[in-house]
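Trainee: I'd like a close look at one part of this structure, of your choosing. Please talk me through it in one go and then place it among its surroundings.

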Amino acid sequence: MKKILFLIAFATASLAVVSLSGCSDDDTKKTWEAYKEWRDINNEWLKEMAAKKNADGTNYYKTIVPDWYPSSYVLLHYFNDPEENADKLSPLYNSTIDVRYELHLYDDTPVDSSTNITAYGAPGIFRTNLQSTIIGWAMALENVHCGDSVEVIVPYQVGYGSSGSGAILPYTNLRFNIRLVDIPFYELPEN
């Protein structure tokens, strides 16, 4: 069911982007060319993060490739021992989650944070439905349990893509620090 919900949401979002964007091939090509240097810097940084090692030589990040989107990935690093929270819930694609987060660009420039948000009386908590976030969050957080703190590297293809958003330029790979605080509405799949 999780896969079906994702595919429906992904198809709907894709159609909306295509129908609303109205971008011609020329516009797409101009954007691609205009952001070449930025894209190259971001992609080089992404390669460096994927190759990053711990002191013992093991990979710093775990590469997450979901069954429902096998052509893409995110990089995930736990700040805590994931076994500590393994018996707790992980969100589904249609779950509502409470998180604390910080977003940085490749060069550590801060872009966004839950610091100034107050959800339901809890300062610094961002509440959202997982399917309302960028695809990279869904890919990562379905592998995280309540109480876990993680760093997530989101390639632009599963972030804000070639259009960007606000201060986030097109082709921007993202680095999130996220703590999954709670899953106030855990939606079970329909039978």
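Mentor: Before I pick a spot, one term: a strand here is a DSSP run of E that is at least two residues long, and strands are numbered from the N terminus. With that in hand, let's go for strand β9, where P184 has its place. Keep in mind that we're looking at a predicted model. For orientation, the protein has four helices and nine strands, and along the sequence they come in the order α-α-α-β-β-β-β-β-β-β-α-β-β. Of its 191 residues, 42% count as buried.

Let's stay with P184 for a moment. P184 has a relative accessible area of 26%, so it is partly exposed, since buried would mean under 20%. Its C-alpha is 10.0 Å from that of T128, though the two residues are 56 apart along the chain. Hold on to T128, as we'll meet it again.

Now look at R175, which lies in β9, the strand of residues 174–185. R175 and E151 meet through their side chains in a salt bridge, with 3.3 Å from N to O. E151 lies in strand β8 (residues 149–154), so this contact ties together parts 24 residues apart in sequence. Both partners are buried. There's a third member too: salt bridges with shared partners join D108, E151 and R175 into one network. D108 comes from the loop between β3 and β4 (110–113), and unlike the buried R175 and E151, D108 is partly exposed because its relative accessibility is 48%. Its backbone deserves a glance as well: phi of D108 is near 75°, positive in a residue that isn't glycine. As a rule, most residues other than glycine have a negative phi.

The loop between β8 and β9 has a similar backbone story. Y171 is found there, with a positive phi of about 65° although it is not a glycine. Y171 counts as buried because its relative accessibility is 3%.

Back to T128, which is in the lining of the second largest pocket, together with Y101, L103, D112, F126, S132, T133, I134, W137, Y160 and F176. Two elements, β3 and β7, each give two or more residues to that lining. The pocket's volume is about 160 Å³. By class, seven of the lining residues are nonpolar, three polar and one charged. To tie this back to our strand, F176 in the lining falls within residues 174–185, the range of β9.

The strands β3 and β7 also have a salt bridge between them. D98 pairs with R127, the closest N and O atoms being 2.7 Å apart. D98 is in β3 (residues 96–104) and R127 in β7 (residues 126–129), so the pair links distant parts of the chain, 29 residues apart. The two partners sit in different surroundings: D98 is buried because its relative accessible area is 7%, whereas R127 is partly exposed at 24%.

For contrast, go over to helix α3. A search of the whole structure finds four salt bridges, and one of them joins K36 and D40, at 2.6 Å from N to O. Why can those two meet? They are four residues apart in α3 (residues 36–51), so about one helical turn separates them. Both are partly exposed, K36 with a relative accessible area of 45% and D40 with a relative accessibility of 36%.

The helix itself has 16 residues and reaches 23 Å from first C-alpha to last, close to the 22 Å expected at 1.5 Å a residue. Its buried residues are W38, R39, N42, W45, L46 and M49. They cover an arc of only 130° around the axis, which means they share one side of α3. On the face turned away from that buried side, you'll find the exposed residues E37 and K47.

So, if you want a route through the viewer, begin at R175 and follow the network to E151 and D108. Then go from P184 to T128, and from T128 into the pocket lining.

How values were computed:
Residues are numbered from 1 along each chain as its sequence is written. This is a predicted model: local features need pLDDT of at least 70, side-chain atom pairs count only at pLDDT 80 or more; totals for chains, interfaces and linings use all residues. Side-chain values use heavy atoms; hydrogens and water are left out. Buried means under 20% relative accessible area, exposed over 50%, partly exposed in between (1.4 Å probe, protein chains only). On a 1 Å grid over the protein atoms alone, a cavity is a set of points where a 1.4 Å probe fits but cannot get out, and a pocket is an open set with protein on both sides within 12 Å along at least five of seven lines; lining residues have an atom within 4 Å of a point. Grid points are joined across faces, edges and corners, and a volume is the space filled by probe spheres set on the points. Ala, Val, Leu, Ile, Met, Phe, Trp, Tyr, Cys and Pro count as nonpolar, Asp, Glu, Lys and Arg as charged, and the others, Gly among them, as polar. The expected span of a helix is 1.5 Å times one less than its number of residues. The arc is that of the directions from the helix axis to the C-beta atoms.
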